[in-house]
Amino acid sequence: MPEKEYVGSIKKCPNCGIVIESFQSKCPNCELEFNNDYLNQTVAQFADGLESIMMKRNNMVDYFEISTFSKIGKFKETQWESNDDTQQRYVENFPVPNSKEDLLEVFIFAISFINQKSETKYQITWNDIWTNKLKQIYIKSSIAMSDDQETLDYLKQLASEVGISL
Ligand SMILES: [Zn+2]
């Protein structure tokens with residue numbers, strides 16, 4: 001199975017090229033399956049838990065439409081449903097890891113959910129949830145990596161690329 005193609009922080013399906021979410025194991029457009037074996041174990045666990053909640057959503061979130069068509073308004077905006085409350089609790093309560101490697105990987109995972117291009121109320125709410133998680137991870141990182149300013153600067157840099165100042 002091919003790996004997802006990473007272009008900056010945007011992930012695209014290597015087969016059809018649509019933008020995909022980092023946790024997705026299968027392309028929602030062409031159904032190509034991705035190889036997630038390279039995933040860090042903590043991230044894999046985080047992603048699996050999130051995906052299993054999300055699968056129970058009444059209406060699937062169309063990330064492709066949100067990212068592509070929001071500017072011209074040709075889509076029905078995704079509505080918050082009780083499943084999102086469950087997802088939110090899951091994200092907020094997922095334990096921030098302790099090791100440097102896990103912190104780095106989970107940080108990058110969290111950042112992949114922040115989509116500054118979308119102006120939908122739904123995405124803005126999720127941006128806030130992930131921003132809070134990112135801050136949580138950064139606080140712990142700044143303790144665990146107190147002797148590694150270079151990596152901390154790198155995390156700050158990644159955050160600033162999606163408009164978050166840490
Ligand atoms: Zn595809």
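Among contacts in the protein between residues at least 6 apart in sequence, what percentage join residues at least 24 apart? In this predicted model, the figure is 62%.

**Figure 1. The whole chain, with six helices and three strands.** Let's start with the overall layout. Read from the N terminus, the elements run β-β-β-α-α-α-α-α-α. The protein has 166 residues, and 22% of them count as buried.

**Figure 2. Helix H1 packed with helix H4.** Here we zoom in on a helix pair. H1 covers residues 41-54, and its axis lies 8 Å from that of H4, at an angle of about 35 degrees. The crossing of these two helices is right-handed. On the H1 side you will find Thr-42, Val-43 and Phe-46, which meet Asp-102, Glu-105, Val-106 and Phe-109 of H4. Sorted by character, the residues of this contact comprise four nonpolar, one polar and two charged.

**Figure 3. The largest nonpolar core, with 18 residues.** In soluble globular proteins, nonpolar side chains tend to be buried together. To find your way around this core, look for the residues with the most contacts inside it: Val-106, Phe-107, Ala-110, Ile-111, Trp-130, Leu-134 and Ile-137. H1, H4, H5 and helix H6 (149-161) are the elements that give two or more residues to the core. H4 gives the most, with seven residues. Phe-107 makes a handy landmark: leaving aside residues up to four places away in sequence, Phe-107 touches Leu-134, Ile-137, Ser-141 and Leu-155.

**Figure 4. Ile-114, in the loop between helices H4 and H5.** Helix H4 spans 100-111 and helix H5 spans 121-144, with Ile-114 in the loop between them. Is Ile-114 buried or exposed? Ile-114 counts as buried, because it has 22 C-beta neighbours inside 10 Å. Beyond residues up to four places away in sequence, Ile-114 touches Asn-127, Trp-130, Thr-131 and Val-162. You can also look across to Ile-129: the two residues are 15 apart in sequence, and their C-alpha atoms are 9.2 Å apart in space.

**Figure 5. Glu-31, a residue other than glycine with a positive phi.** The last stop is another loop residue. Glu-31 is found between strand S3 (19-20) and H1. Most residues other than glycine have a negative phi. For Glu-31, however, phi is near 70 degrees. Glu-31 counts as exposed because it has 10 C-beta neighbours inside 10 Å.

Definitions and conventions: Residues numbered from 1 in each chain as written. Predicted model: local features only at pLDDT ≥ 70, side-chain atom pairs only at ≥ 80, totals over all residues. Helix = DSSP H or I, 4+ residues; strand = E, 2+ residues; numbered from the N terminus. Buried ≥ 20, exposed ≤ 12 C-beta atoms within 10 Å, placed from the backbone. Contact = placed C-beta atoms within 7 Å. Axes fitted to C-alpha atoms, helices over the stretch in contact; angles between N-to-C directions. Left-handed = near helix turned anticlockwise from the far one by under 90°. Nonpolar A, V, L, I, M, F, W, Y, C, P; charged D, E, K, R; others polar. Core = buried A, V, L, I, M, F, W, Y, C linked by C-beta atoms within 7 Å.
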